[in-house]
Amino acid sequence: MMGVGKGLKLAAGFILICGAVGGCADQKKGMDRFSKPIFATKPRPRNRVIPTPAPPPVQHYAQRPVPRPAPRPLQRPQTVVAEPGWIPPGGIKNRWREIVLHHSATAKGGAVAFDHEHRNVRKWDELGYHFVIGNGTDTYDGKIEVGSRWTKQKTGAHCKTGDNFYNEHGIGICLVGNFQNTSPTSAQMASVDKLVLFLSQQCGLSAANIKSHGGVTHKTDCPGRRFPLSTVKRNLSLAQSKMQTDMLATANVGR
Ligand SMILES: [Zn+2]
């Protein structure tokens with residue numbers, strides 16, 4: 001037989017077990033309620049790992065390519081190249097202010113023949129001109145001969161005036177031929193243009209300083225009515241303008 005005390009203990013134990021079981025059921029319901037998301041949110045994506053680009057290779061400063069400007073074409077102003085004897089051993093004196101042009105008034109000739117005449121006929125010390133330009137007779141057509149006066153930078157004997165200014169300060173150039181009758185050859189004109197440009201650049205002269213013998217003295221037709229003095233002056237101006245333009249262009253290249 002089971003005592004009353006023992007019966008009460010069993011009943012209490014049964015109640016405790018049932019309470020516990022019931023409690024578990026209610027608690028489960030509550031857990032289900034809180035386990036559901038309150039807000040309809042999408043599952044948060046996992047943080048993606050963005051790959052970091054690889055750093056550029058370390059490069060020493062000195063190894064970096066240095067941008068260099070493209071090479072410019074070499075430009076030089078056009079200049080007249082001096083032929084042998086054009087620049088005397090002692091240099092060109094700062095005494096020449098004019099260039100006086102002549103013809104020989106002969107069909108043929110050259111520096112040697114004229115030097116002989118000037119010494120022996122006119123009784124001068126030597127050839128009176130500073131330069132002679134041949135016409136293909138004694139020398140080849142367009143040949144520029146340098147007189148001994150130019151080599152010595154000596155006063156000329158080609159253009160006498162009252163004050164002798166054009167002998168003292170004028171460079172005498174004689175073209176072989178009689179240009180009252182014929183015109184100078186194209187080779188002679190090319191040579192006189194070249195020589196006049198060279199001398200003008202060396203002595204600081206311009207077209208205004210290019211004179212004819214007769215234009216200075218008004219006592220002779222030299223260098224003849226068929227000698228194109230205006231062409232020589234114009235060609236000098238054009239050549240000097242071009243040289244000036246070339247020099248400015250060259251100077252601007254460096255800026
Ligand atoms: Zn003359």
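Let's start with a helix that meets the whole sheet: α5 lies across β1, β2, β3, β4 and β5, and runs at about 170 degrees to β4. Keep in mind as you look around that this is a predicted model.

Stepping back to the whole chain, you will find 7 helices and 5 strands. Followed along the sequence, they come in the pattern α-β-α-β-β-α-α-β-α-β-α-α. Of the contacts between residues at least 6 apart in sequence, 71% join residues at least 24 apart. Buried residues account for 24% of the 255 residues in the chain.

Now to the sheet itself. The 5 strands form an open sheet with mixed pairing, in the order β3-β2-β4-β1-β5. At its edges stand β3 (144–146) and β5 (210–212); each has a single partner strand, so one side of each is left without a neighbour in the sheet. On average, neighbouring strands are turned by 25 degrees against each other, direction ignored. As general background, strands of a sheet pair through backbone hydrogen bonds, either parallel or antiparallel. Here β1 and β4 pair in the parallel sense, over 6 bridges. To find this pairing on screen, look for His-103, whose bridge partner in β4 is Leu-175.

Return to α5 and check its length. Its 18 residues, at 1.5 Å a residue, should span 26 Å, and the end C-alpha atoms are 25 Å apart, which agrees. Within this helix, the buried residues are Gln-188, Ser-191, Val-192, Leu-195, Val-196, Leu-197, Leu-199 and Ser-200. Just after α5 comes Gly-204, with a positive phi of about 70 degrees.

What about the nonpolar core? In soluble globular proteins, nonpolar side chains tend to be buried together. The largest nonpolar core in this model has 29 residues, and those touching the most other members are Ile-99, Phe-131, Val-132, Ile-133, Ile-173 and Val-196. Two or more core residues come from each of β1 (98–103), α2 (111–120), β2 (131–133), β4 (170–175), α5 (186–203) and α7 (229–253). The largest share, 5 residues, is given by α5.

Ile-133 is a good place to finish, and a nice residue to click on. Which residues is Ile-133 in contact with, leaving aside its neighbours within four places in sequence? They are Gly-142, Lys-143, Ile-144, Ile-173, Leu-175, Val-176, Gln-188, Ser-191 and Val-192. Among these partners of Ile-133, Gln-188, Ser-191 and Val-192 are buried residues of α5, the helix that lies across the five strands.

Technical notes
Residues numbered from 1 in each chain as written. Predicted model: local features only at pLDDT ≥ 70, side-chain atom pairs only at ≥ 80, totals over all residues. Core = buried A, V, L, I, M, F, W, Y, C linked by C-beta atoms within 7 Å. Buried ≥ 20, exposed ≤ 12 C-beta atoms within 10 Å, placed from the backbone. Helix = DSSP H or I, 4+ residues; strand = E, 2+ residues; numbered from the N terminus. Contact = placed C-beta atoms within 7 Å. Expected span 1.5 Å × (residues − 1). Pairing = 2+ DSSP bridges. Axes fitted to C-alpha atoms, helices over the stretch in contact; angles between N-to-C directions.
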